[in-house]
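User: I would like to go through this model step by step and hear the reasoning behind each label. Please set the values against the cut-offs as you go.

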Amino acid sequence: MSFNEYMHVRNRYRTNPPDFKQLAEKHPALKPFLIQKTNGGVTLDFCDANAVQALTIAVAKEDFDLDLELSLDRLIPRIPQKLNYLHWIEDLVERKIDAVGIDIGGGCSCIHALLALRLNPQWTMYVSEIDPFNYRMGIKNVENNQLDDRIHVIQVDSSALFDNFIDRTKHYDFLMCNPPFYSDSMESQGLTNTRKSDRPPTKSINTAAPIESIYDQGGEVEFVKRMIHESRTYATNVR
């Protein structure tokens, strides 16, 4: 995500992107990945998974006092982008102090829920996950940050998005999801989608595992349609 005026007005990175050099001084694990620029500044190779991992861990600790463990073969979150999502949700729930939220597919980082609690300490988050590896790592990240009283990670079956997850006796203020992006591995590699042949290659790496990024019944459009269809059962439970 570019750091510009299109970011949410409360996003701390909108006009103040991370200073990689200063960050690396405080978090030495980032230092080996710094690349000197001709103008004297430094940058990173965002196509290097190790560099992106080190940056995310450093930013999470420096700006949100979060201790993250991330896997190189699972989606590594971009914190400025995730922060945007959460500020939009804050607006939707009118900055409710004690909101209760749902995150479908929390990933190994559980980053949406962790950031949500750092921004809003009285919120409660319920996080679903179908991947056993992500489930275990998500719980570990929550426990490592002493937030297991506010963040509940629940392993679910892929056959239903909400059954045995949403409690019909409870009310939730919002539901969020970063859906699977692609319909198959060919599309995930940019071989069968509508990307123009003369469009420059992507400048960042996608480390997401197939279980996170591929929905073989139609990609993200069909996944969202499925969410809408299944949500009808819980229309009175989620705001």
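Analyst: This is a predicted model, and a good place to begin is helix H2, where Ala-49, Ala-51, Val-52, Gln-53, Ala-54, Leu-55, Thr-56, Ala-58, Val-59, Ala-60 and Phe-64 are buried. The cover over these buried residues includes helix H1 (20-26), helix H3 (79-92) and helix H4 (111-119).

User: Why is Gln-53 called buried?

Analyst: The relative accessible area of Gln-53 is 16%, and buried means under 20%, so Gln-53 is counted as buried. Gln-53 sits in helix H2, and, once neighbours within four places in sequence are left aside, it is in contact with Leu-70, Ser-71, Leu-72 and Ile-76.

User: Is Asn-50 buried, exposed or partly exposed, and what makes it so?

Analyst: Asn-50, which also belongs to helix H2, has a relative accessibility of 34%; because buried requires a value under 20% and exposed a value over 50%, Asn-50 falls in between and counts as partly exposed. Not counting residues up to four places away in sequence, Asn-50 touches Phe-33 and Leu-72. Its C-alpha atom is separated by 23 Å from that of Gly-105, which lies 55 residues apart from Asn-50 along the chain.

User: How do you know which residue caps the N-terminal end of H2?

Analyst: A side-chain oxygen of Asp-48 lies 2.9 Å from the backbone nitrogen of Asn-50, and a polar contact asks for a pair of N or O atoms within 3.5 Å, so the distance satisfies the cut-off and Asp-48 is described as the cap. After the helix comes Asp-65, whose phi is positive, near 50°.

User: What span is expected for H2, and how does the model compare with it?

Analyst: Helix H2 covers residues 49-64, 16 residues in total, and reaches 22 Å from its first C-alpha to its last. The expected span is 1.5 Å times one less than the number of residues, which for H2 gives 22 Å, and the span in the model is close to that value.

User: Why is Glu-94 called exposed, and what is noted about its phi?

Analyst: Glu-94 has a relative accessibility of 62%, and exposed means over 50%, so the label follows. Glu-94 is in the loop between H3 and strand E3 (100-104), and its phi is positive, about 55°, although Glu-94 is not a glycine.

User: What makes Asn-164 exposed?

Analyst: Its relative accessible area is 77%, which is to be set against the requirement of over 50%, and Asn-164 is therefore exposed. Asn-164 is placed in the loop between strand E5 (151-155) and strand E6 (174-177), where its phi, near 65°, is a positive value in a residue other than glycine.

User: How do you know that the overall radius of gyration agrees with a compact globule?

Analyst: For 239 residues a compact globule would have a radius of gyration near 18 Å, and the protein has 18 Å, so the two agree. Along its principal axes the C-alpha trace spans about 60 × 45 × 35 Å, and buried residues make up 43% of the 239 residues. Among contacts between residues at least 6 apart in sequence, 73% join residues at least 24 apart. The protein contains eight helices and six strands, and it exposes about 13,000 Å², of which carbon and sulfur atoms supply 50%.

How values were computed: Residues numbered from 1 in each chain as written. Predicted model: local features only at pLDDT ≥ 70, side-chain atom pairs only at ≥ 80, totals over all residues. Heavy atoms only, no water. Helix = DSSP H or I, 4+ residues; strand = E, 2+ residues; numbered from the N terminus. Buried < 20%, exposed > 50% of the residue type's maximum accessible area, 1.4 Å probe, protein only. Contact = heavy atoms within 4.5 Å. Polar contact = N/O pair within 3.5 Å; in protein donor to acceptor, adjacent residues only side chain to side chain. Rg over C-alpha atoms; globule rule 2.2 N^0.38 Å. Areas by Shrake-Rupley, 256 points an atom, 1.4 Å probe, with all protein chains shown as cover.
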